[in-house]
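User: I am new to this structure and would like to understand the reasoning behind the words used for it. Could we go through them step by step?

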Amino acid sequence: MRKLILSILGIVIIIGAIFLGQRIVASKNKPKPKVEKVIKTVFAEKVYNGTVPIVVPANGTLIAKRRLELFSEVQGVFRGGSKLFKTGQEYRRGETIINIDASEYYASVQSAKSNLYNLITSIMPDLRLDYPEVFPKWQTYLTGFDINRTTPKLPEMTSEKEKFFISGRGILTNYYNVKNLEQRLSKYRITAPYRGVLTEALVTEGTLIRSGQKLGEFIDTGIYELEVSISKTYSDLLKLGEQVELVNLNRTTTYSGRVTRINGRVDQTTQTIKAFIEVKDENLKEGMYLEASLNAKEEPNAIEIDRELLLENDKIFVVRDSILDLIDVRPVYFSDKKVVLKDVPDGLTIIKKPVVGAYAGMLVKIFEQQETTVKEVTENVKNNGS
């Protein structure tokens, strides 16, 4: 009986194994689901080669083209004038900026002038007797001599005898001593050489000023310069007098400048050349940050695209019969965001925006074509409805 039960169980197990194997085999023979091909939509445009202007970007801060550092060559007390010596104060040309008390020195100058006048007066009788031909011009000189004005130039000496006589009496020595004192007296008063603004004031009224002391800075607010550094690659392309477009940091205001100077030496550290752009505008201030666009040259038979579209520095994607392909190109200029390319055939359709996961042979659909289809469908619906 026991053997019979075991035989039946064995037969049942074998039959179950056969059925289970058949089901496993049947499940493997089921057809695989079809994977639909994904067609990406890309932005593209046709290539038309032309002349591409190569614009070299540069930036810097404005500095006044004419700047005057005020230093004292004499010593004395700073006396106040019609305007306060304060930062931001405007002065017209010829207006006094700094006036140093020169009362004591002025007295010594007047004394030297008086001595010169007396010395010339003392020789007049001798001139009348010994040199009557030159006496009238020296008499005229004495008549026009005003001790309260600048000492006039001595009469021209036409003969050797006259020159020896005048020099022997010490008149020439006294005259040049007076002129030297007058020249130094003029340094007690500093005037504005041009219309401008005081940008730095280091002294105040009543300050004892010493010789060699810096007093402040004075600039001309009518004209500024922008110093920029340009790669030596474009040093031979920049030209004096070239017009340059400038824009402020916020890109809200544009100014027009002109290249006025180009340094003749290359900076060994940065391998750049300094160029100076002159710009005039009443709204400009010293220290403002500006960006310049220098027109270096024009590249014929070329196109300009975004740098992110350039692959391996010499390849770009093109669309041929709805399939992506790679072609070789020749870049000739790189900027921060753009690249100028050559050797791209006219009429070729290139990718305008980067495609994620793009590869050669990828099936794509051009966005402009899709947009046209949508327009056609819309127009058909309208026509049918009417």
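User: What share of the 386 residues in the protein chain is buried?

Analyst: This is a predicted model, and in it buried residues make up 32% of the 386 residues in the protein chain. As for the surface, the protein chain exposes about 25000 Å², of which carbon and sulfur atoms supply 52%.

User: How many helices and strands does the protein chain have?

Analyst: The protein chain has six helices and 22 strands. Among the contacts between residues at least 6 apart in sequence, 73% join residues at least 24 apart.

User: Why is Glu 278 called buried?

Analyst: Buried means under 20% relative accessible area, and Glu 278 has a relative accessibility of 11%, so Glu 278 counts as buried. Glu 278 lies in strand S15, a strand that is mostly covered, with seven of its eight residues buried.

User: Which residues are in contact with Glu 278, leaving aside its neighbours within four places in sequence?

Analyst: With those neighbours left aside, Glu 278 is in contact with Lys 65, Ile 223, Tyr 224, Gly 257, Arg 258 and Thr 260.

User: What makes the meeting of the side chains of Glu 278 and Lys 65 a polar contact?

Analyst: The cut-off for a polar contact is a pair of N or O atoms within 3.5 Å, and the contact that joins the side chains of Glu 278 and Lys 65 is given at 2.5 Å.

User: Which strands pair with S15, and how do you know that they pair?

Analyst: Two strands pair if DSSP finds at least two bridges between them. Strand S12 (residues 224-231) and S15 have eight bridges in the antiparallel sense, while five bridges join S14 to S15, and these also run antiparallel, so both pairings meet the cut-off of at least two bridges. Glu 278 takes part on each side, standing opposite Glu 225 and being the bridge partner of Arg 258.

User: What makes strand S4 and strand S6 edge strands?

Analyst: There is an open sheet of four strands in the order S4-S11-S9-S6, with antiparallel pairing. Strand S4 (67-71) and strand S6 (90-91) are its edge strands, as each pairs on one side only. For S6 the partner is strand S9 (residues 196-201), joined to it by two bridges and running antiparallel, and within this pairing Glu 90 has Val 197 as its bridge partner.

User: Why is the pair of Glu 286 and Arg 67 called a salt bridge?

Analyst: A salt bridge needs a side-chain nitrogen of Lys or Arg within 4 Å of a carboxyl oxygen of Asp or Glu, and the side chains of Glu 286 and Arg 67 meet at 2.0 Å, N to O, so the pair satisfies that cut-off. This pair links distant parts of the chain, since Glu 286 is in the loop between strand S15 (272-279) and strand S16 (289-306) and Arg 67 is in strand S4, 219 residues apart.

User: How do you know that Glu 69 and Lys 214 form a salt bridge?

Analyst: The limit is again within 4 Å, and the closest N and O atoms of Glu 69 and Lys 214 are 3.9 Å apart, so this pair too falls inside the limit. Here also distant parts of the chain are linked, with Glu 69 in strand S4 and Lys 214 in strand S11 (residues 214-219), 145 residues apart. Both pairs belong to a network of salt bridges that links Arg 67, Glu 69, Glu 200, Lys 214, Glu 217 and Glu 286, and the structure holds 27 salt bridges.

User: Why is Arg 251 called exposed, and why is Glu 69 called partly exposed?

Analyst: Exposed means over 50% relative accessible area, and partly exposed lies between that and the 20% limit for buried. Arg 251 has a relative accessible area of 58% and is therefore exposed, whereas Glu 69, at 41% relative accessibility, counts as partly exposed. Arg 251 also meets Glu 291 in a salt bridge between their side chains, at 2.5 Å, N to O.

User: What makes Ile 15 fit for a nonpolar surface patch?

Analyst: Patch residues need over 30% relative accessible area, and Ile 15, which is partly exposed, has 42%, so Ile 15 passes that cut-off. Found in helix H1 (residues 2-28), Ile 15 makes a nonpolar surface patch of about 310 Å² together with Ile 11 and Phe 19.

Note on methods:
Residues are numbered from 1 along each chain as its sequence is written. This is a predicted model: local features need pLDDT of at least 70, side-chain atom pairs count only at pLDDT 80 or more; totals for chains, interfaces and linings use all residues. Side-chain values use heavy atoms; hydrogens and water are left out. Patches are made of residues with over 30% relative accessible area and no salt bridge: like charges are joined within 9 Å, nonpolar side chains (Val, Leu, Ile, Met, Phe, Trp, Tyr) within 5 Å. Accessible areas come from the Shrake-Rupley method with a 1.4 Å probe; for residues, only the protein chains shown count as cover. Buried means under 20% relative accessible area, exposed over 50%, partly exposed in between (1.4 Å probe, protein chains only). Contact means heavy atoms within 4.5 Å. A polar contact is a pair of N or O atoms within 3.5 Å; within protein, one must be able to donate a hydrogen and the other to accept it, and residues adjacent in sequence count only if both atoms are side-chain atoms.
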